[in-house]
Every structure is written in structure tokens, then in C-alpha cells.
Amino acid sequence: MSLTATYARVSRRELHSSRSAAAIAVAVAIMLVCGWIGTEIVLHLLNEPAVLAAPANLAEGLASASTAPVGWLAGLAVGCALVGLVLVAVAVTPGRRARHLIKSERTVTVVDDEVIASALAGRAARVGGIDPDSTRVSISRKLATVHLVPTSGRPVHQDTVLDAVRGQLDGLHLQPPLRSRVVVALGGKVGA
């Protein structure tokens, strides 16, 4: 196996999360239902009262489902369809961890989105001339948004801060690359 293929495999594992939590949750739910049905059957064979419903009552209820009100059946069908769609979406879409790669030919360097956000917040605060506590950065897969709350009476030059943030992001050589946006609050905060 080549070094490039190994790096690609490691990168994928670090950026994407497995779907094991969803699979375990579904398996536990199925086991609980099967355990409940098995318990009801054993209780019926021992002539003991049912926990929730006797197997004969369950079978009779399923057989007579067609006589239930149409609204109730439609609601149940929509609910089951939504659960099915969510499970299919979870199975098909890749899980994503809050991380990015720093492009390098010699190694795989993974950086957490919180670290990127912290660096951008510090840079934006210095360039904007505001308190670091008045800066908040949120990072998604493809966008870094810097939120600034200026001190009252001291304007913040949004374009200058945006250029500084873009320069910092360009210097990091992130994969996937991040676009940047700066949002300056209309109301400032009283002097600091």
C-alpha cells in the first residue's frame, strides 16, 4: 500500500465519524421489542398475566388494524415513514467530525474546528481593535463566520477584518477550504 493511500485512509477516518452509535441504538431498540414479545409469550405459556398485552391480543389487534380510524392509521404510517427516512439518511450520509486537514505532502495534520475558531477570533479582535471577549467564531464544513460586537463609539472596519481572516485561512491551507464571513453587530457594547 502506498504512502499516499495510507494518508488518504487516515484522513478519511479522522474527518468522518462512524455510524456505529445509530446502528447500536437501532439494535438495542429491536432487542428490547423482541425481549418484550418473548416475555409476553413466556408469561402466556405459564398462564401468568401479561405485562402490556397478551400475544393473542397483539395478534387480534394487528388483524383488526384495518377497522381503525383512517386518521389514526395515516398518522401511524407517516410516523413510520419519517423514522424510516431518518434511518436511511443516517445510513447514506457520511458523518462529519468538527475537524479540517492542513494540507501537507509529508504527513496528515488534523486540526479541530475549535482551534481554528480560536485563532480566527484572536486575529479578528487584534485587527478590529476590539476586546477578544466581544468576538465569536462559528465554523461549519465550508464556512467560518466571525461575529464582532464593537465597543460603542469605535467603528470596526469590516473589510479590514475580513481580509485578515481570509489571509489567516489561506495561510493554514485547510482541506476542505473554508470561506469566511464577518458580521459586525449593529449595536455596540459599552466601553471596555
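## The β3-β4 hairpin

In this predicted model, strands β3 and β4 run antiparallel and are joined by 5 bridges. Strand β4 covers residues 143-148. A hairpin of 3 residues links β3 to β4. Across the pair, Ser138 faces Thr145 of β4.

Strand β3 spans residues 135-139 and has two unlike faces, one covered and one uncovered. Thr135, Val137 and Ile139 lie on the covered face. Arg136 and Ser138 lie on the uncovered face. Ser138, the partner of Thr145 in β4, therefore belongs to the uncovered side of β3.

## The three-stranded sheet

A separate group of 3 strands forms an open sheet. The order is β2-β1-β5, and the pairing is antiparallel. Strands β2 (109-112) and β5 (174-175) are the edges, each pairing on one side only.

Strand β1 takes in residues 99-102 and pairs with β2 over 4 bridges, in the antiparallel sense. Within this pair, Ile102 stands opposite Thr109 of β2. Helix α5, residues 113-128, packs on the sheet. Helix α5 touches β1, β2 and β5. The direction of α5 makes about 70° with that of β2.

## The α5-α6 contact

Helix α5 also meets helix α6, which runs over residues 158-172. Their axes come within 9 Å and cross at roughly 145°. The crossing is right-handed.

On the α5 side, the contact is made by Ile116, Ala119, Leu120, Arg123, Ala124, Val127 and Gly128. On the α6 side, the residues are Thr160, Val161, Ala164, Val165, Gln168 and Leu169. By class, the contact holds 9 nonpolar, 3 polar and 1 charged residue.

## Overall architecture

The protein has 6 helices and 6 strands. Along the sequence, these elements follow the pattern α-α-α-α-β-β-α-β-β-α-β-β.

How does the radius of gyration of the protein stand against that of a compact globule of 192 residues? The protein has 28 Å, whereas such a globule would have a value near 16 Å. The C-alpha atoms fill a box of roughly 80 × 55 × 30 Å along the principal axes.

Of the 192 residues, 21% count as buried. Contacts between residues at least 6 apart in sequence include many with a long reach: 61% of them join residues at least 24 apart.

Terms used. Residues are numbered from 1 along each chain as its sequence is written. This is a predicted model: local features need pLDDT of at least 70, side-chain atom pairs count only at pLDDT 80 or more; totals for chains, interfaces and linings use all residues. Side-chain values use heavy atoms; hydrogens and water are left out. Two strands pair if DSSP finds at least two bridges between them. Contact means heavy atoms within 4.5 Å. Axes are lines fitted to C-alpha atoms, for helices over the stretch in contact, and angles run from 0 to 180 degrees between N-to-C directions. A crossing is left-handed if the near helix is turned anticlockwise from the far one by less than a right angle, and right-handed if clockwise. Ala, Val, Leu, Ile, Met, Phe, Trp, Tyr, Cys and Pro count as nonpolar, Asp, Glu, Lys and Arg as charged, and the others, Gly among them, as polar. Buried means under 20% relative accessible area, exposed over 50%, partly exposed in between (1.4 Å probe, protein chains only). The radius of gyration is taken over C-alpha atoms; the globule rule is 2.2 Å times the number of residues to the power 0.38.
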